[in-house]
Number of protein chains: 2
Amino acid sequence: MTDDRERVLEWVEQAAVFCTDEYAVPPIAGRVLAWLMICEPAEQSAGQIAEAIGASRASLATSMRLLIDAGFVRRRTRPGQKTHYYRVDDDAWERVVRRRVAGLAAFREITAAGMQLAGSDPARTGRLRAAHDVFDWMDKAFASMPGPRREGDTDEA
Amino acid sequence: MTDDRERVLEWVEQAAVFCTDEYAVPPIAGRVLAWLMICEPAEQSAGQIAEAIGASRASLATSMRLLIDAGFVRRRTRPGQKTHYYRVDDDAWERVVRRRVAGLAAFREITAAGMQLAGSDPARTGRLRAAHDVFDWMDKAFASMPGPRREGDTDEA
DNA sequence: CGCTATGTTCAGTACATACTGAATATTATG
DNA sequence: CATAATATTCAGTATGTACTGAACATAGCG
């Protein structure tokens with residue numbers, strides 16, 4: 001437990017890099033997200049998080065808002081406490097990915113508009129149609145995504 | 001044809017914004033990509049593209065390399081010409097999306113490593129497992145993606 | 001009503017990115 | 001090989017982003 005901390009922090013670094021690279025999340029927000037995915041207890045205060053990853057509290061304020069807006073993190077207050085507690089729900093990533101795919105569908109509309117502009121020449125609309133079809137497929141595929149982990153779901157108190 | 005140009009450029013702006021926002025592509029590269037998706041003829045030189053979207057040739061050099069590396073654009077040379085011609089293939093977006101999902105699968109490995117670190121406590125591994133499952137599902141879903149536009153494919157000379 | 005612990009906002013700084021003009025390389029042609 | 005056209009690289013600038021310390025706000029508690 002005591003020596004684990006170092007390995008956990010190493011893991012947090014890796015995961016954070018992934019989040020920043022693939023999800024356009026700033027470095028510190030990436031660390032926060034990664035930390036909240038593996039920390040114990042799952043719900044932690046801004047102070048705890050800041051100390052764990054070595055960031056200022058000011059950064060935490062902005063990072064937490066970003067992560068909450070993005071759908072990764074939820075904030076909870078306990079009765080008779082001013083401290084806010086943050087956590088990533090089990091369905092956080094599914095929610096975020098779904099939201100992202102939904103946003104991608106906007107490109108489907110753009111390509112559709114482009115095809116109208118390009119006219120009826122199939123040589124000219126081919127590129128647009130192919131792109132359109134990809135995003136159309138994605139949208140439908142994710143609509144039929146089987147909500148994973150619906151069974152032995154382990155939510156603790 | 002002559003008045004279309006303006007509407008086309010407007011469309012290019014929209015599509016470019018999407019590319020920059022959702023695919024982390026710099027503004028000019030986004031315009032290049034959008035332009036190459038609707039321009040006629042489909043294959044154009046750097047000079048033509050630069051003039052169309054109003055960018056310097058220096059920017060074109062870097063933008064083209066970026067787009068080629070990302071898999072969006074292909075470069076071709078014609079015999080007895082020093083000019084390079086660029087185009088987006090019909091399967092460009094499918095290729096890029098596939099590549100991106102493949103990259104996302106790396107996170108599956110990270111979450112797997114995280115679960116080992118977190119031990120066997122299901123209360124602690126729940127978040128990691130849920131994330132893992134999402135990316136696992138994505139990987140498999142895209143593996144079985146039916147290459148769209150496999151039939152009346154219209155590739156011109 | 002102070003007091004204290006937590007949360008948020010703001011100005012400033014450090015760093016990174018995007019883009020361009022000018023200089024340099026490269027390649028077909030006469 | 002000289003010439004002209006395209007391509008690439010580089011230094012410089014301008015803009016934007018991430019982060020922090022410090023100041024300010026807020027909420028529970030004696």
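The following paragraphs lead through a predicted model, beginning with the contact between two protein chains and ending at a DNA strand.

The two chains, A and B, meet along a shared boundary. On this boundary, 45 residues of chain B are in contact with 45 residues of chain A. The side of chain B that touches chain A draws at least two residues from each of α1, α2, α5 and α6 of chain B. Its largest share, 13 residues, comes from α6(B). By chemical character, the residues on this side divide into 28 nonpolar, five polar and twelve charged.

One of the helices on this side, α5(B), deserves a separate look. It has 27 residues, which at 1.5 Å a residue should span 39 Å. The end C-alpha atoms of α5(B) are 40 Å apart, and therefore the expected span and the model agree. Several residues of this helix are buried, among them Trp93(B), Val97(B), Phe107(B) and Ile110(B). The list of buried residues in α5(B) also includes Gly114(B) and Ala118(B). Against what do these buried residues of α5(B) pack? Their partners are α1, α2 and α6 (122–143) of chain A, together with α6 of chain B. Just after α5(B), Gly119(B) takes a positive phi of about 85°.

The interior can be described next. The largest nonpolar core holds 41 residues, and those that touch the most other members are Ala15(A), Val32(A), Leu33(A), Trp35(A), Leu36(A) and Met37(A). At least two residues of this core come from each of α1, α2, α3, α4 and α5 (92–118) of chain A, and likewise from each of α5 (92–118) and α6 (122–143) of chain B. With nine residues, α2(A) gives the most to this core. Leu36(A) also illustrates contacts between residues separated in sequence: leaving aside residues up to four places away, Leu36(A) touches Val73(A), Tyr86(A), Arg87(A) and Val88(A). A second, separate core has 40 residues, including Phe107(A), Leu128(A), Ala34(B) and Met64(B).

Some details of the backbone also merit attention. Most residues other than glycine have a negative phi, and most peptide bonds are trans. Against that background, Ala24(A) has a positive phi of about 55° although it is not a glycine. Ala24(A) lies in the loop between α1 (4–23) and α2 of chain A. Is this residue exposed or partly exposed? Ala24(A) counts as partly exposed because it has 13 C-beta neighbours inside 10 Å. In chain B, Ala24(B) has a positive phi of about 55° and is found in the loop between α1 (4–23) and α2 of that chain. With 14 other C-beta atoms within 10 Å, Ala24(B) is partly exposed.

The peptide bonds supply further details. A cis peptide bond joins Glu40(A) and Pro41(A), with omega of about 5°, and Pro41(A) is in the loop between α2 (27–38) and β1 (44–45) of chain A. In chain B, the bond from Glu40(B) to Pro41(B) is cis, with omega near 5°. The loop between α2 and β1 (44–45) of chain B contains Pro41(B).

The last region to consider is the surface near DNA strand C. Which residues come nearest to this strand? Of the 20 residues around DNA strand C, these are Ala58(A), Pro26(B), Pro27(B), Ala58(B) and Ser59(B). The surface takes at least two residues from each of α3 (46–53) and α4 (57–70) of chain A, and from each of α2 (27–38) and α4 (57–70) of chain B. Its residues divide into nine nonpolar, eight polar and three charged.

Definitions and conventions:
Residues are numbered from 1 along each chain as its sequence is written. Chains are lettered from A and ligands numbered from 1 in the order in which they are written. This is a predicted model: local features need pLDDT of at least 70, side-chain atom pairs count only at pLDDT 80 or more; totals for chains, interfaces and linings use all residues. A residue is near a molecule or strand if its C-beta atom, placed from the backbone, lies within 6 Å of it. Helices (H or I, at least four residues) and strands (E, at least two) are DSSP runs, numbered from the N terminus. Ala, Val, Leu, Ile, Met, Phe, Trp, Tyr, Cys and Pro count as nonpolar, Asp, Glu, Lys and Arg as charged, and the others, Gly among them, as polar. A residue is buried if 20 or more other C-beta atoms lie within 10 Å of its own, exposed if 12 or fewer, and partly exposed in between; C-beta atoms are placed from the backbone. A nonpolar core is a set of buried Ala, Val, Leu, Ile, Met, Phe, Trp, Tyr and Cys residues joined through C-beta atoms within 7 Å. Two residues are in contact if their C-beta atoms, placed from the backbone, lie within 7 Å. The expected span of a helix is 1.5 Å times one less than its number of residues.
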